[in-house]
Amino acid sequence: MNILVCIRQTFDTEEKITLKNGTIDQSDVKFIINPYDEYAIEEALRIRDEHGGQVTVVTAGPERSESALRTALAMGADKAALISDVSLPEDEYVLARLLAEFARKEAADLILGGNFDVDSGSGQVAIRAAEELDIPHIGAVTKLTAAGGRVTAERDAEGGTEVVESALPVLVTAQQGLNEPRYPSLPGIMKAKRKTIARLSAEDLGVKDAFQVKTSVVETYLPPKKEPGRILSGEPDDQVKELVEVLRPII
């Protein structure tokens, strides 16, 4: 089985977000694999180990994204590819088109990705890629099995579990609870350092026109500081009256 995993490098979830000249300051920031993408990598490795085949990990982003690919290789991925370009924008439509074209060239049977990105909160890229490829997608999966050219996926639904079946090729996004991602082993880290990472541009993929962005950032700002809480004093009746006066403008 030819399995492709689409990943993205994000801020470490413990990093403090600061702004500089109206944009997020990325200096001295630690970057990691998007946590939901780690579930996708782990699931791809498990399916490969059970059914055979190979796992290719791909990301579209800046050169620093190579470290995320090295981590995926150290976890056990067979190949890795970095789609990078000096003019590559952070736009879901653009990223989806690039990843979809790479998946098409790889003739992937199963495509995995994270349910959403922890920094931007976007859950668009993988599903947009499925639309570009004109293949079915199953989102927010918590259990996945593959057999006989088909997959069976389970998703959390209100009050129960939803079971979805699909023939290959299909794209699946991983939700928390799907598995427990493995830690890269020391031998795996050493092997990953020696592996070659394929580098491609939009022109290599034949989608230079993909840089027609669909969204733009108008403003970036931090949430307002919370005001300190108030402690009401006095008799209970007086506290109720004061509380009503405080809540009246809000309601």
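Contact means heavy atoms within 4.5 Å. This is a predicted model in which local features need pLDDT of at least 70, side-chain atom pairs count only at pLDDT 80 or more, and totals for chains, interfaces and linings use all residues. Residues are numbered from 1 along each chain as its sequence is written, and side-chain values use heavy atoms, without hydrogens and water.

**Exercise 1. Place arginine 8 and list what it touches.**

Step 1. Find the loop between strand E1 (2–6) and E2; arginine 8 sits there. Strands (E, at least two residues) and helices (H or I, at least four) are DSSP runs, numbered from the N terminus.

Step 2. Check burial. Buried means under 20% relative accessible area, exposed over 50%, partly exposed in between (1.4 Å probe, protein chains only). Arginine 8 has 17% relative accessibility, so it counts as buried.

Step 3. List contacts, leaving out residues up to four places away in sequence. Arginine 8 touches Ile32, Ile33, Asn34, Asp37, Thr59, Glu90, Asp117 and Asp119.

**Exercise 2. Find the order of the strands in the open sheet.**

Step 1. Read across the 9 strands: E11-E10-E9-E12-E8-E1-E6-E7-E13, with mixed pairing. Two strands pair if DSSP finds at least two bridges between them.

Step 2. Look at the edges. Strand E11 (160–167) and strand E13 (198–200) each have a single partner strand, so one side of each lacks a neighbour in the sheet.

Step 3. Zoom in on one pair. Strands E9 (137–147) and E10 (150–157) run antiparallel over 6 bridges. Lysine 143 stands opposite glutamate 154 in E10.

**Exercise 3. Name the buried residues of helix H2 (66–75).**

Step 1. Pick them out: Ala68, Leu69, Ala72, Leu73, Ala74 and Met75.

Step 2. Identify the cover. It includes helix H1 (35–51) and helix H5 (186–194).
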